[in-house]
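Work through the exercises below with the coordinates open. Try each task before reading its solution.

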Amino acid sequence: MADRWPFPGVRRWRRAGKLAVPDSRSAPAYRGDMSDAARTLFLVCYDVCDNKLRRRVQKYLMAYRVGGQKSFFECWLTAAELREVRRTLADLLDPSEDRAHVFQLDPRMRRDMLGRATEPVTDVFLIV
């Protein structure tokens, strides 16, 4: 099977080995059967120097976010989705210039919000 790269125009930075491309046909069935109890709250932050690449990373993470702004996103992820996000970010980012951090958060902790911050809506959401 040919190695398909899902991001045209973005070169791979890791050339040591081949990474499996997620099968888009299995994702809807897999996510449909996954309960919310199996999801964990993460804070995904990134700092990307190239504007075009920054926009591409932002678009990718928008599919997972439930809250956040600019380059900080709150994401409810399963273990498989977390692996996919980490792998994709590792492929997209230039390790000599860019960086990304993924922090696991405890959803039971009280949130301190300042300024115009609002509580994200997390009671009902749909991943398509």
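The exercises cover salt bridges, the sheet, the helices and two single residues.

This is a predicted model: local features need pLDDT of at least 70, side-chain atom pairs count only at pLDDT 80 or more, and totals for chains, interfaces and linings use all residues. Residues are numbered from 1 along each chain as its sequence is written, and side-chain values use heavy atoms, without hydrogens or water.

**Exercise 1. Find the salt bridges and say which parts of the chain they link.**

Step 1. Apply the criterion: a side-chain nitrogen of Lys or Arg within 4 Å of a carboxyl oxygen of Asp or Glu. The count comes to two salt bridges.

Step 2. Take the pair Glu81 and Arg39. Their side chains meet with N to O at 2.6 Å. Glu81 lies in helix α3 (residues 79-92) and Arg39 in the loop between α1 (27-33) and β1 (40-47), so the bridge ties together parts 42 residues apart in sequence. Helices (H or I, at least four residues) and strands (E, at least two) are DSSP runs, numbered from the N terminus.

Step 3. Check burial for this pair. Buried means under 20% relative accessible area, exposed over 50%, and partly exposed in between (1.4 Å probe, protein chains only). Glu81 is buried at 1%. Arg39 is buried at 8%.

Step 4. Take the pair Arg99 and Asp47. The closest N and O atoms are 3.7 Å apart. Arg99 sits in strand β4 (residues 99-104) and Asp47 in strand β1, 52 residues apart. Asp47 is partly exposed, with 38% relative accessibility.

**Exercise 2. Give the strand order of the sheet and its geometry.**

Step 1. Pair the strands; two strands pair if DSSP finds at least two bridges between them. The result is an open sheet of four strands, ordered β2-β3-β1-β4, with antiparallel pairing.

Step 2. Name the edges. They are β2 (65-69) and β4, each pairing on one side only.

Step 3. Get the twist. Axes are lines fitted to C-alpha atoms, for helices over the stretch in contact, and angles run from 0 to 180 degrees between N-to-C directions. From one strand to the next, the twist averages 20 degrees.

Step 4. Inspect β1 and β3. They pair in the antiparallel sense over six bridges. Leu41 has Trp76 of β3 as its bridge partner.

**Exercise 3. Place the helices on the sheet and test the span of α3.**

Step 1. Find contacts, meaning heavy atoms within 4.5 Å. Helix α3 packs on the sheet and touches β1, β3 and β4. Its direction makes about 140 degrees with that of β3.

Step 2. Compute the expected span: 1.5 Å times one less than the number of residues. For the 14 residues of α3 this gives 20 Å, and the end C-alpha atoms are 20 Å apart, which agrees.

Step 3. List the buried residues of α3. Among them are Leu82, Val85, Leu89 and Leu92. An α-helix has 3.6 residues a turn, so residues three or four places apart point the same way.

**Exercise 4. Describe the surroundings of Cys75 and Arg54.**

Step 1. Locate Cys75. It lies in strand β3 (residues 72-77). Cys75 is buried, at 1% relative accessibility.

Step 2. List its contacts, leaving aside neighbours within four places in sequence. They are Thr40, Leu41, Phe42, Val44, Tyr64 and Arg65. Cys75 and Phe42 are 5.2 Å apart, C-alpha to C-alpha, and 33 residues apart in sequence.

Step 3. Turn to Arg54, in helix α2 (residues 51-62). Arg54 is partly exposed at 31%. Not counting residues up to four places away, Arg54 touches Tyr46, Val48 and Cys49.
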